[in-house]
Amino acid sequence: MNALPALPSFPVSRPRRLRSTAALRRLVSDVSLRPSDLVLPMFVREDIAEPVPIASMPGVVQHTQESLRKAAVEAVEAGVGGLMLFGIPASKDARGSGADDPAGVLNTALRRLRDEFGDGTVLMADLCLDEFTDHGHCGVLDESGNVDNDATLERYADMAEAQAEAGAHLLGTSGMMDGQVGAVRAALDDAGRPDVGILAYAVKYASAFYGPFREAVNSSLEGDRKAYQQDYARTAGEALAEVALDVAEGADIVMVKPALPYLDVLRAVADASPVPVAAYQISGEYAMVEAAAERGWLDRERAIAETLTSIRRAGASIILTYWAVEAARAL
Ligand code: PBG
């Protein structure tokens with residue numbers, strides 16, 4: 001039998017020593033966040049005169065163009081690193097026509113904010129069709145009702161051109177079509193826009209935590225996105241393959257999404273990626289903390305700080321979060 005070696009009685013390392021005062025804890029802490037690491041996702045809706053609250057995301061609203069502008073100014077003044085815009089059109093159709101319409105809600109918002117800020121912040125746009133399609137899928141459908149990968153890439157190419165023209169600095173390819181980064185990169189280069197970058201949603205799981213987002217964008221989706229988003233019952237190998245493809249196709253930043261249930265994947269991606277890594281703390285991650293806090297079941301501010309710090313600790317250098325402004329002010 002192997003007996004455990006006896007612990008030395010003296011001297012002995014005492015980990016609690018460095019936890020004993022706030023000043024010591026501050027001295028030894030080695031994970032921190034800056035306001036400029038945080039990106040605020042924002043929703044802008046076409047057919048409304050006043051901002052509309054999103055019930056499942058307390059504190060988050062669907063903006064009018066004007067309320068979006070004001071909230072964006074506040075966010076930039078708070079020091080956030082950038083803004084990620086989502087558009088909700090007044091009418092949706094099968095091909096998501098509003099997405100690449102220069103006068104569409106998202107492109108209008110981009111144009112207005114670019115006029116407002118110039119290069120003073122980083123403007124990003126969701127490059128996906130689900131906010132614009134009447135069936136709610138991230139792409140166009142074939143005759144049998146499946147998402148048609150390559151026909152969707154053509155739509156994404158048109159969106160890319162429109163969003164670049166409208167003033168986006170970074171395009172967030174979030175539809176999980178194969179080849180989407182390459183298609184968008186080629187479209188941008190062909191349009192004479194090598195300056196516009198791609199924030200690739202490289203690793204994106206089919207997640208229950210997108211629930212509140214469906215309300216946020218008035219989604220008409222029935223069913224799920226499991227035929228194109230990743231299966232959470234797979235380890236990080238598939239995620240690394242997705243990252244390798246996106247980097248090869250021209251991704252400037254790669255993102256993992258959702259964040260909190262996927263910190264293991266985030267760490268693997270951060271260790272392997274040659275480009276900066278972002279993580280998206282999504283609608284359901286926001287909602288569960290807000291809901292529990294509302295019931296007095298956990299301390300809201302502490303939970304926010306802990307989740308954001310954990311995401312950073314797992315390797316994200318950029319974090320998309322609906323708490324971006326509040327967190328930036330608290331830092
Ligand atoms: C796709 C997209 C989604 C989110 C961001 N981009 C929805 C989805 O993939 O189902 C979700 C963000 C969130 O839940 O906060 N356009």
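**Notebook: surface patches, salt bridges and backbone details**

I began with Leu 18, which I placed in the segment before H1. The model I am reading is a predicted one, and I keep that in mind for each entry below. Leu 18 has a relative accessible area of 43%, so I noted this residue as partly exposed. Looking for its companions, I found that Leu 18, Leu 27 and Val 28 make a nonpolar surface patch of about 290 Å².

**Positive patch**

I then turned to the charged residues of that stretch of the chain. Arg 14, Arg 16, Arg 17 and Arg 19 gather on the surface in a patch of positive charge. I looked up Arg 14 in particular, and it is found in the segment before helix H1, which covers 22-28. With a relative accessible area of 53%, Arg 14 is exposed, because the cut-off for that class is over 50%.

**Overall form**

Next I stepped back to the protein as a whole. I counted 11 helices and 10 strands in its secondary structure. Along the principal axes, the C-alpha atoms fill a box of roughly 75 × 45 × 40 Å. I asked myself which radius of gyration a compact globule with 331 residues would have. The expected value is near 20 Å, and the protein has 21 Å, so the two agree. I also looked up burial, and buried residues make up 52% of the 331 residues.

**Salt bridges**

My search of the whole structure for salt bridges returned 18 of them, and I looked at several individually.

The pair Arg 34 and Asp 37 forms a salt bridge in which the closest N and O atoms are 3.1 Å apart. I checked whether each partner is buried or exposed. Arg 34, at 51% relative accessibility, counts as exposed, whereas Asp 37 is buried, with a relative accessible area of 3%.

Arg 185 forms a salt bridge with Asp 189, and here the closest N and O atoms are 2.9 Å apart. Both residues lie in helix H5, which spans residues 180-190, and they are four residues apart, about one turn of the helix. Arg 185 is at 13% relative accessibility and therefore counts as buried, since the limit is under 20%. Asp 189, by contrast, is at 38% and counts as partly exposed.

For Asp 195 and Arg 193 I again noted a salt bridge, with the closest N and O atoms 2.9 Å apart. Asp 195 counts as exposed at 53% relative accessibility, while Arg 193 counts as partly exposed at 23%. I then looked for bridges that share partners, and these join Glu 66, Arg 69, Arg 112 and Glu 116 into one network.

**A contact distant in sequence**

I looked up Ala 287, whose place is in helix H9, residues 283-294. Which residue did I pair with Ala 287, and how many residues apart are the two in sequence? The partner is Pro 58, which is 229 residues from Ala 287 in sequence, although their C-alpha atoms are 7.5 Å apart in space. Ala 287 has a relative accessible area of 15%, so I recorded this alanine as buried.

**Backbone geometry**

Finally I went through the backbone for features that I wanted to check in the structure above. The peptide bond from Lys 257 to Pro 258 is cis, with omega near -10°. Pro 258 is found in the loop between strand S8 (253-257) and helix H8 (263-272).

Met 176 is not a glycine, yet I noted a positive phi of about 60° for this residue. Its place is in the loop that runs between strand S6 (170-173) and H5. Met 176 is buried, as its relative accessible area is 6%.

Asn 218 likewise is not a glycine and has a positive phi, here of about 50°. I located Asn 218 in the loop between helix H6 (211-216) and helix H7 (236-249). At 32% relative accessibility, Asn 218 counts as partly exposed, whereas Met 176, as entered above, is buried.

Definitions and conventions:
Residues are numbered from 1 along each chain as its sequence is written. This is a predicted model: local features need pLDDT of at least 70, side-chain atom pairs count only at pLDDT 80 or more; totals for chains, interfaces and linings use all residues. Side-chain values use heavy atoms; hydrogens and water are left out. Patches are made of residues with over 30% relative accessible area and no salt bridge: like charges are joined within 9 Å, nonpolar side chains (Val, Leu, Ile, Met, Phe, Trp, Tyr) within 5 Å. Accessible areas come from the Shrake-Rupley method with a 1.4 Å probe; for residues, only the protein chains shown count as cover. A salt bridge is a side-chain nitrogen of Lys or Arg within 4 Å of a carboxyl oxygen of Asp or Glu. Lys and Arg count as positive and Asp and Glu as negative; His and the chain ends are not counted. The place of a charge is taken as NZ of Lys, CZ of Arg, CG of Asp or CD of Glu. Helices (H or I, at least four residues) and strands (E, at least two) are DSSP runs, numbered from the N terminus. Buried means under 20% relative accessible area, exposed over 50%, partly exposed in between (1.4 Å probe, protein chains only). The radius of gyration is taken over C-alpha atoms; the globule rule is 2.2 Å times the number of residues to the power 0.38.
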